[in-house]
Amino acid sequence: MKFKEAVTYDDMLMVPQYSDIISRGEVDIGSDLSFNTRLSLPIIASPMDTVSEVDMAVTMSDSGGLAIIHRYNTIDEQSRLVGWVRDTEGTQGKVAAAIGVSGDYRERAEALVEAGVSIL
């Protein structure tokens with residue numbers, strides 16, 4: 001039996017190199033999620049009912065990231081959650097929503113777009 005060579009954490013040594021960066025403010029870790037959506041903090045919260053609702057979505061948007069509002073509720077309730085995030089003062093207004101791939105996904109997508117969702 002032939003095994004591939006592998007290395008572990010202890011086998012590696014990272015040697016710091018010279019950098020002319022003076023401040024963390026000079027570094028851009030942002031990422032383009034789509035043609036019109038840029039995240040200054042490339043972190044996306046999972047569309048889980050115990051994770052992504054209004055509070056998480058507002059906090060993620062304020063931080064430059066994105067939260068995906070879960071779909072484990074009615075279309076009206078999910079649209080209302082998206083609307084609350086979009087109307088919250090101080091947020092960048094970015095909010096995503098999950099729609100699924102079967103069942104009411106078309107109706108859900110149309111209602112969420114009308115509510116102002118950034119990403120489906």
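What pattern does the protein chain follow when read along the sequence? In this predicted model, the order is β-β-β-α-β-α-β-α. The protein chain thus contains three helices and five strands. Its radius of gyration is 20 Å, whereas the globule rule gives 14 Å for 120 residues, so the protein chain is more spread out than a compact globule. Along the principal axes, the C-alpha atoms occupy a box of roughly 55 × 50 × 25 Å.

Burial and contacts were then examined across the protein chain. Of its 120 residues, 31% are buried. The accessible surface amounts to about 9,000 Å². Carbon and sulfur atoms contribute 54% of that surface. Contacts between residues at least 6 apart in sequence were also considered. Of these, 46% link residues at least 24 apart.

Charged side chains number 10 positive and 19 negative. The centres of the two sets are separated by 7 Å.

Helix H1 spans residues 54–63. Its buried residues are Val54, Ala57, Val58, Met60 and Ser61. These residues lie on the same side of H1, because they cover an arc of only 165° around the axis. The packing partners of the buried residues are two strands and a helix: strand E3 (44–45), strand E4 (66–69) and helix H2 (75–87). Just after H1 comes glycine 64, with a positive phi of about 95°.

Methods
Residues numbered from 1 in each chain as written. Predicted model: local features only at pLDDT ≥ 70, side-chain atom pairs only at ≥ 80, totals over all residues. Heavy atoms only, no water. Buried < 20%, exposed > 50% of the residue type's maximum accessible area, 1.4 Å probe, protein only. Helix = DSSP H or I, 4+ residues; strand = E, 2+ residues; numbered from the N terminus. Arc of directions from axis to C-beta. Contact = heavy atoms within 4.5 Å. Rg over C-alpha atoms; globule rule 2.2 N^0.38 Å. Areas by Shrake-Rupley, 256 points an atom, 1.4 Å probe, with all protein chains shown as cover. Lys, Arg positive; Asp, Glu negative; His and termini not counted. Charge placed at Lys NZ, Arg CZ, Asp CG, Glu CD.
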